[in-house]
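Reader: Hi! Could you walk me through this one? I'd like to begin with a single residue and work outwards.
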Amino acid sequence: MSAFQFAKSSYSTKEHDCVEVARNMPRVVAVRDSKQLDSPVLTVAPSAWAAFTADLRRQP
């Protein structure tokens, strides 16, 4: 069992799948596809995740 505690975006609905993100582990952010919970998990450094999400917020 993974120690990651994944959460789905509050913008996601029951009818629409999304990515899930776990930020409960030190020094790593984990991302997975909510449609395929057994699929591989992408892990990135928290600084990379922060830069990625900041860039998304700047998009028109």
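Author: Happy to. Let's start with Arg 32, which lies in strand 3, residues 29-33. Helices (H or I, at least four residues) and strands (E, at least two) are DSSP runs, numbered from the N terminus. This is a predicted model: local features need pLDDT of at least 70, side-chain atom pairs count only at pLDDT 80 or more, and totals for chains, interfaces and linings use all residues. Residues are numbered from 1 along each chain as its sequence is written, and side-chain values use heavy atoms, with hydrogens and water left out.

Reader: Thanks! Is Arg 32 buried or exposed?
Author: Arg 32 counts as buried because its relative accessible area is 18%. The cut-offs are under 20% relative accessible area for buried, over 50% for exposed, and partly exposed in between, with a 1.4 Å probe and protein chains only.

Reader: What does the side chain of Arg 32 make a polar contact with?
Author: With the side chain of Glu 20, at 2.7 Å. A polar contact here is a pair of N or O atoms within 3.5 Å; within protein, one must be able to donate a hydrogen and the other to accept it, and residues adjacent in sequence count only if both atoms are side-chain atoms.

Reader: And which residues is Arg 32 in contact with, leaving aside neighbours within four places in sequence?
Author: Phe 6, Cys 18, Val 19, Glu 20, Leu 37, Pro 40 and Val 41. Contact means heavy atoms within 4.5 Å.

Reader: What about the rest of strand 3, is it covered or open?
Author: Strand 3 is mostly covered, with 4 of its 5 residues buried.

Reader: OK, zooming out. In what order do the strands sit in the sheet?
Author: The order is 1-2-3-4, in an open sheet of 4 strands with antiparallel pairing. Strand 1 and strand 4 (42-44) are the edge strands, each pairing on one side only. Two strands pair if DSSP finds at least two bridges between them.

Reader: How many bridges are there for each pair?
Author: Strand 1 and strand 2 pair over 2 bridges, strand 2 and strand 3 over 4, and strand 3 and strand 4 are joined by 3. If you want residues to click on, Ala 7 stands opposite Val 21 in strand 2. Ala 22 has Ala 30 in strand 3 as its bridge partner, and Val 29 has Val 44 in strand 4.

Reader: What links strand 2 to strand 3?
Author: They form a hairpin with 6 residues between them, and Arg 27 in the turn has a positive phi of about 65°. Pro 26 is in that loop, and so is Met 25.

Reader: Are those two buried or exposed?
Author: Pro 26 is exposed, at 57% relative accessible area, and Met 25 counts as partly exposed, at 30%.

Reader: What does Met 25 touch, not counting residues up to four places away in sequence?
Author: Ala 3 and Phe 4. The C-alpha atoms of Met 25 and Ala 3 are 7.8 Å apart, with their positions 22 residues apart in sequence. For Pro 26, the C-alpha separation from Ala 45, 19 residues apart along the chain, is 9.4 Å.

Reader: Now the bit I care about for docking: what volume does the largest pocket have?
Author: About 350 Å³. It has 15 lining residues, and the closest to its centre are Ser 9, Val 21, Arg 23, Trp 49 and Thr 53. A pocket is an open set of points on a 1 Å grid over the protein atoms alone, where a 1.4 Å probe fits, with protein on both sides within 12 Å along at least five of seven lines; lining residues have an atom within 4 Å of a point. Grid points are joined across faces, edges and corners, and the volume is the space filled by probe spheres set on the points.

Reader: Which element gives the largest share of the lining?
Author: Helix 1, with 7 residues. Strand 1 (7-8), strand 2 (19-22) and helix 1 (46-58) each supply at least two.

Reader: And how does the lining split by class?
Author: There are 9 nonpolar, 2 polar and 4 charged residues. Ala, Val, Leu, Ile, Met, Phe, Trp, Tyr, Cys and Pro count as nonpolar, Asp, Glu, Lys and Arg as charged, and the others, Gly among them, as polar.

Reader: Last one: how do the elements run from the N terminus on?
Author: As β-β-β-β-α. Of the 60 residues in the chain, 23% count as buried.
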